[in-house]
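I opened the model today to look up how its strands are arranged. These are my entries.

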Amino acid sequence: MEQDINITITDREGVTHEIQAPTDMAMNLMEVVRSYELAPEGTIGVCGGMAMCASCQCYVLSDTQLPEMQDDEEAMLSEAFYVKDNSRLGCQIQMTPDMEGLIVELAPES
């Protein structure tokens, strides 16, 4: 049974996109942004989703219960630019039914 979730992503131009993300493809937020081309090629997910760059950093604006931050994500964000209290790496947020209603804004390109 396919279940899409509704998420809202504000891109780096300040344009808000309401999109449906599949939950049955093991995609993460960074891959969703890429598949919808909400960020130019080569500016997001540079490391391929290994939490080794901060190109997919985003600000979580909804009170969605996210998976706990792992050490590598925390370490990466501690060195990233434009980090806020609500910063997360998009590659570490899996698209699951729990993410329904997620609202994020992409961090500026660093």
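I began with a term: two strands pair if DSSP finds at least two bridges between them. I also noted that the model is predicted.

Entry one, a bridge. I looked up which residue in β2 stands opposite Thr10. I found Thr16 there. Thr10 belongs to strand β1, residues 4-10, and 7 bridges join this strand to β2. I wrote down that β1 and β2 run antiparallel.

Entry two, the other partner of β1. In what sense do β1 and β5 pair? I found them parallel, with 3 bridges. As one position to look at, I took Thr8, which stands opposite Ile103 in β5.

Entry three, from β5 to β3. I counted 3 bridges between β3 and β5, and these two strands run antiparallel. One bridge links Val60 with Val104 in β5.

Entry four, the whole sheet. I read the order of its 5 strands as β2-β1-β5-β3-β4. The sheet is open and its pairing is mixed. I looked for the edges and found β2 (16-22) and β4 (87-89), each of which pairs on one side only. I noted an average twist of 40° from one strand to the next.

Entry five, the helix. I saw that α2, residues 71-79, packs on the sheet and touches β3 (57-60) and β4. The direction of α2 makes about 120° with that of β4.

Entry six, the faces of β5. Which residues of strand β5 (103-106) lie on its covered face? I listed Val104 and Leu106 there, and put Ile103 and Glu105 on the uncovered face.

Notes: Residues are numbered from 1 along each chain as its sequence is written. This is a predicted model: local features need pLDDT of at least 70, side-chain atom pairs count only at pLDDT 80 or more; totals for chains, interfaces and linings use all residues. Side-chain values use heavy atoms; hydrogens and water are left out. Axes are lines fitted to C-alpha atoms, for helices over the stretch in contact, and angles run from 0 to 180 degrees between N-to-C directions. Contact means heavy atoms within 4.5 Å. Buried means under 20% relative accessible area, exposed over 50%, partly exposed in between (1.4 Å probe, protein chains only).
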